[in-house]
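Trainee: Please take one strand of this model and go through its surroundings closely. I would like to know how it is enclosed, what it pairs with, and what lies around it.

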Amino acid sequence: MTISSSLNASVAGLSANATRLATISDNIANSSTYGYKTANADFHSMVINSSRGTYSAGGVRTTTTRMIDQPGALLTTANATDLAVRGRGFLPVMTQSELISKSGNYTMYMTTTGSFRTDEDGYLKTSTGLVLMGWPADADGSIPSYSRDTTDDLVPIQIQTNQFATEPTTEMTIGVNLPATETADTASGTALPLSVEYFDNLGTSQSIEISYTPDTSAPGLSNSWNMTLTDSATGAVVGDYDLVFSDTQQYGGTLESVAANSGGAWDPATGILTVQVGPNGDTMSINIGAQHSRSVTVQLSDSYGPTTISKNGFPVGNMTSIEIDANGMVRANFDTGITRTLYQVPIVDVSNPNGLYALDNQCYSPSDTSGSFFMWDAGDGPTGDVVSFALEESATDVAGELTELIQTQRAYSSNAKVIQTVDEMLQETTNIKR
């Protein structure tokens, strides 16, 4: 009967608009929730085949969808570990319960933003218990090749704020001006000293003691020197070289040749020689200047002094801060000026973000409809980059939700009016019997 179908359709309309009202109230309630994705209620008509000039109302049904692929605006904060993904993708996280269980077989949970702080154990965690995940770096700061379609290689990011770090010296540039007059046969032949500090593997300050001895055996100016390098850590001579300088009009005062009596050979193209320092015989590259180069070691006039002394390496330092760059690299800064990479946070992507399971605390997990996940380097492939000092605001448009609220209220009232009308019509039908 068409009157009965009208009643049923209106009841379905009340239920559908109640569902829509629930999504609107949820969106408005979370208008200030960081990372919240709006929920939409879509209506679908139910059509019943009619015949012989009659029409039966099928009513309406609803499906709700979480619009996970719609990002909110980014809000600047003052915390370096407030993170948001700018563009497509998610940050990998784990729950606090999984961290406590330490099962090692972690579920892939994802979020687009989070205010991460170190807890009592140093884990980067939100106030709701989501722990940031990443790939650990090697001791030299490089990121190995990890599996990108499984969580097996991901670990919870743990920052030890009281940790120390040092960086040994592996490269050094030593530039001096040697007085040409000291190579005359009438000169005293006194050796000229130079001490250059370096840091060993334990961060201890050591030094390379250098002695430049002029060759005064030849008539006139020999333009030749002997350079001896002694390691203070062992007291041993680690390099002995004969330096010959050019006296031509084009290259006067520059290195012409370097002969190695001991130590690594000199490369005339780069100016680098290698020596073995420390009790372990670690390799150190020393740049004394390329052939005919005027920028490092030269022999000019009658004054002696260093012109270029530089090296890498630092003594033991305390960690002062943590930063996360756009590529997801988690780096620790130390008060000695060094920066060390600790982890890399990948960006997780799925084929259909709106098909993810929506969980508490703006957290999501893969489903059959979302497709399998894959982890990219931030800013690589289809994914966006990581923004620190930022949080993603709620994607709720309050003005739009209030407009829909008015429409829903009117639609609900209209369906209720239809039910009232059907009731009156059925009452009239009943009165016919009287």
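Mentor: Strand β16 is largely enclosed by the rest of the structure, because seven of its eight residues are buried. The model is a predicted one, and what follows is computed from it.

Start with the sheet. β16 belongs to an open sheet of five strands, in the order β14-β15-β16-β17-β18, with antiparallel pairing. The edges are taken by β14 and β18; each has a single partner strand, so one side of each is left without a neighbour in the sheet. From one strand to the next, the twist averages 20 degrees. As a general point, strands of a sheet pair through backbone hydrogen bonds, either parallel or antiparallel.

Now the two partners of the strand. On one side, β15 and β16 run antiparallel and are joined by seven bridges. One residue pair in this register is Ile208 with Asp231, the latter in β16. On the other side, β16 and β17 are also antiparallel, and seven bridges join them. Here Thr230 has Val237 of β17 as its bridge partner, while Ser224 stands opposite Val244, again in β17. The hairpin of β16 and β17 has five residues between the strands, and in it Gly235 takes a positive phi near 75 degrees.

Ser224 deserves a separate look. This residue lies in β16. Its relative accessible area is 16%, and since buried means under 20%, Ser224 counts as buried. Leaving aside neighbours within four places in sequence, Ser224 is in contact with Thr183, Thr213, Pro214, Asp215, Leu243, Val244 and Gln299. Val244 thus appears both as a contact of Ser224 and as the residue opposite it in β17.

Next, the nonpolar packing. In soluble globular proteins, nonpolar side chains tend to be buried together. In this model the largest nonpolar core has 27 residues, and the members that touch the most others are Ile210, Tyr212, Met227 and Ile286. β16 (224-231) is among the elements that give two or more residues to this core; the others are β13 (171-178), β14 (192-199), β15 (205-214), β17 (237-245), β18 (255-262), β19 (272-277) and β20 (282-287). A second, separate core of 26 residues includes Val93, Leu132, Ile338 and Ala378.

Tyr212 ties the core back to the strand. Leaving aside neighbours within four places in sequence, its contacts include Trp225, Asn226 and Met227. Tyr212 is also in contact with Ile174, Val176 and Leu178, with Thr190, Ala191, Leu192 and Leu194, and with Tyr304.

For comparison, take strand β4 (residues 82-86). Four of its five residues are buried, so β4 is likewise largely enclosed by the rest of the structure. β4 pairs with strand β7 (residues 113-115) in the antiparallel sense over three bridges, and Asp82 stands opposite Ser115 in β7. Four bridges join β4 to strand β30 (residues 385-388), and these two strands run antiparallel. In that pairing, Val85 stands opposite Val386 of β30.

Definitions and conventions
Residues are numbered from 1 along each chain as its sequence is written. This is a predicted model: local features need pLDDT of at least 70, side-chain atom pairs count only at pLDDT 80 or more; totals for chains, interfaces and linings use all residues. Side-chain values use heavy atoms; hydrogens and water are left out. A nonpolar core is a set of buried Ala, Val, Leu, Ile, Met, Phe, Trp, Tyr and Cys residues joined through side-chain atoms within 4.5 Å. Buried means under 20% relative accessible area, exposed over 50%, partly exposed in between (1.4 Å probe, protein chains only). Contact means heavy atoms within 4.5 Å. Two strands pair if DSSP finds at least two bridges between them. Axes are lines fitted to C-alpha atoms, for helices over the stretch in contact, and angles run from 0 to 180 degrees between N-to-C directions.
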